[in-house]
Amino acid sequence: MANIIKIPIIQGVYWVEVPEAKLQILCGCPADCVKHLMKRGLIVQHELAGVLCETGPNAILLSDVMIQHGEFSNLAEFPVLQMLYKQGLIIPNHPNNTGLKPLLIGLGEQVHSQMQYIFRGNYGLISLEEILEAGVDPDTAREMLRLKKRFAFGQIKPSNLLLDTCILGREKREIRNGVTIDRIAVNQFAIAYQNASVTVDLNLYGEERYDPPYTLGFQSIPKDYFAVIHSGEGDGWDVNRPSMSSILVFQGKIYLIDAGPNLFFNLTALGIGINEIEGIFHTHAHDDHFAGITSLMRSGHKIKYFASPLVRLTVEKKLNALLATEGNQFSDFFSFFDLPLGQWTDIQGLEVRPVFSPHPLETTIFIFRTAWSGGYRTYGHFADIVSFNVLKAMITDDNDAPGITSQFYETVKEEYLVPLNLKKIDIGGGMIHGQAIDFVSDRSERIVLAHTSAKLTSKEKEIGSSAPFGISDVLIPGKNDHARNLAFQFLQSHFSRIPFHHLRMLLNNDVVAINPGAIILKEGETPTKVLLLLSGLVEKIFPDENRLSRLMAGAMLGEFSALDKRASAFTFRAASYVNALAIPVDMYHQVAQKNGLIAKIARTTAMRSFLESMDLFNEGLSHPVMAGIIDRLTYRTIPAGEILSFDRDQTLHILHRGKVRRSIGKFELDTLRVGEFFGEEGAVFDVPCHFQIQTLVETELLQINGDILRDIPIIRWKLFETYKIRTMRIIYSGGACLALTWRVEFAINIAAIDAHHKEFFEVANTIDSILRSDQQLEPLAAALTSLLNLAQNHFAAEEALFDQHHYPDRIQHKEQHQILVKLIRGLHQTVAQGHLLSYLEFLSFLQYWLVQHILKDDRNYAAFLNDRGVL
């Protein structure tokens, strides 16, 4: 009997191996999945034909959905790098370089997104035009491109030269060497070989999350005046430590330097909630410094994003590739602050200077300083630098060849060796990382060695220090009571209209420290204190349910019980070190009563409790943000049996009571119950809603205008995840429910473009009809040829308008056109080679063009052109 090995790795990730077929599949690839394989012994070093290299997967099965529980499910950059370089599949003359490429398996949309994301992860900005877009002068831009090509061995290669793909549809598909894969349901697959088979489920359920590969002890971080918390000293391959990163504490504010994998887990161990973060300084977009960016989207406010324009633009393009979107989606979640290269920028007393650092994609090191007695106190964060030997070997006198000038080399060397009070450096070695020996003569007071998974050598120990997770280097001690200052700010936001003397009375109570894992208040207990959370994370556990919400700084715990001395309906537990202002219940009640707030607090607290029972509102929202939502929501009661349409609606509808059915035409999609919602596409993403809603019983809706939600990152991010998953389930649910009928809602109000879109519908209907019937290859090939010609002519017309009117996002939109043409050519090639076309694959393409491109991206440029008289 044929042998198939299936090994669970973590939730939503499996290893499937078919030894006879020489196929090892990594099923699911969230952040740090390579480290999990290393810990399980599925990636090990061995010697092959005298060459030391690693074992590992040679194929990756991608999740059908890009995001689960707020985190990326598909991050194939490091698994692919491990295959190409550590296994040797791309290295010349390597025994593993047999011509077989790493294989990406999955839906067309996910595969193409990963190809683009890996491409951006390898190279960043790929042309002179893109570098100029970041505001770099032409001469410097040409030098940067020469350097980039030198790192790329002279040529920037598209991902399809490095990777093979296997696009999944509804039908069973051969992967390699007789191994087949069949989709059972969304994110559920059967993998078979001869007479053996296994199933894998890549979905995350309930409170499941992707586990980190390491464990961390809990830390309590003091708020000094100017300090550096060491939050990561490892690299992308270190199984025991987080990737290189730091946290700056300045005047009570918290700033991150980089956002590596497992960021939420790492911050929780340090007792830092996402809402406590003021901003992030970003060095570059490699996954070990980028993958945690989604954690920062789980905030109730836009976190400040500080980077050079070069780095910001690279991150935008990589994120857009991952999400299969165009335009500046990044600005929906962050407040941008561009930092000019080589210049000091003052951020409320904290000065920062980004310095360009040679790396395969756009990278800066950061030098921070603040004025103090006797001069400045300084810190340098030198992530992903390059060794002097590697850089010197790039020097060339040919100004047209890939490489650098000797002057550039000397400038970089001088910047690296600038003396500072504290300097953290990358010593990862190899072709793209630094070496400790380069800093043997560095006159900095203290050097910390980082970005390595190897043990320090004796020589390295003479040059620099280690810094275990959570260790703090205090550059200027703190004397202020930041906790009490913060408590006063939170009390003002809770009670904006009460007299100051009442606020001071509440403030004149103890600030208590609570240990991780401690139960703060049990279900059924009556609290004696109302706790105002000042730092850390508290879990609110719903009884008899596998569900919890997370309370962060600014939240009140026990206030509802304090009003009428009733027992708590929930259990509250510290998930990290927590600091809180402990207000006696009778004092809290007295202040609320004297200011006539009892009824309002009771009403608001009851509604907040209902909203927090929903995943959409169960984390990251401060009291003012939640109160603002509650104050502006409206109620609507609808009798049973009503059929409603929300074509142009921009409201999120939440079921407070009752039950409704969603449908498209005669196709029933799902039934929504209390705590579920609909309308996210119109409320936040400006995509027309084409569902019909029927009330099955009398139903009460809570209605929230999209304007309230669009600028709340955590809400927008969760609605985006829901929108993508629902769209995916509609298309891949096994039934053809989307009627390809032109509707007036699809119009973008540019006559020529709308005419092209109508033609697209006609051709798509022809293809749909053929696929539903006997799939005759000749008429199918002819229809796909018509679709390809139509697409090329249509895109050329659009791009001419872009150039004529200087549309600012024209580069990103043209990239989307290239992806769509590539998708159509792939469909055409399948048929031209005599193969049947998967109906599911065609629907994947249709969903991408219709829902994402026409209904979203085309509307962006249409509004721009309409304003300039193009109709």
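1. A charge counts as sitting over a ring if NZ of Lys or CZ of Arg is within 6 Å of the ring centre and within 35 degrees of the ring normal. In this predicted model, arginine 312 lies over the face of phenylalanine 336, at 5.5 Å from the ring centre. Lysine 86 is placed over the face of tryptophan 237, with 4.8 Å to the ring centre.

2. Aromatic rings also pair with one another: a search of the whole structure gives 35 aromatic pairs. One of them joins phenylalanine 802 and tyrosine 861 edge-to-face, with 4.9 Å from centre to centre and 70° between the planes. This pair links distant parts of the chain, 59 residues apart. Phenylalanine 802 belongs to helix α23 (residues 777-805), and tyrosine 861 to helix α25 (residues 839-866).

3. Are the two residues of that pair buried or exposed? Phenylalanine 802 counts as buried because its relative accessibility is 0%. Tyrosine 861 is buried too, with a relative accessible area of 0%.

4. Elsewhere, a single aromatic cluster is made up of Tyr255, Phe281, Phe306, Phe337, Phe366, Phe368 and Tyr379.

5. The second largest pocket has a volume of about 1,100 Å³. Its lining has 40 residues, and Asp615, Glu676, Glu721, Thr722 and Ile725 lie nearest the centre. Elements that contribute two or more residues to this lining are β7 (67-68), β40 (667-672) and α21 (713-731).

6. Which element gives the largest share of the lining of the second largest pocket? That is α21, with eight residues. By class, the lining of this pocket holds 14 charged, 14 nonpolar and 12 polar residues.

Methods: Residues numbered from 1 in each chain as written. Predicted model: local features only at pLDDT ≥ 70, side-chain atom pairs only at ≥ 80, totals over all residues. Heavy atoms only, no water. Phe/Tyr/Trp six-rings, centres within 6.5 Å; stacked < 30°, edge-to-face > 60°. Helix = DSSP H or I, 4+ residues; strand = E, 2+ residues; numbered from the N terminus. Buried < 20%, exposed > 50% of the residue type's maximum accessible area, 1.4 Å probe, protein only. 1 Å grid on protein atoms, 1.4 Å probe; cavity = no way out; pocket = protein on both sides within 12 Å on 5 of 7 lines; lining within 4 Å. Points joined across faces, edges and corners; volume = space filled by probe spheres on them. Nonpolar A, V, L, I, M, F, W, Y, C, P; charged D, E, K, R; others polar.
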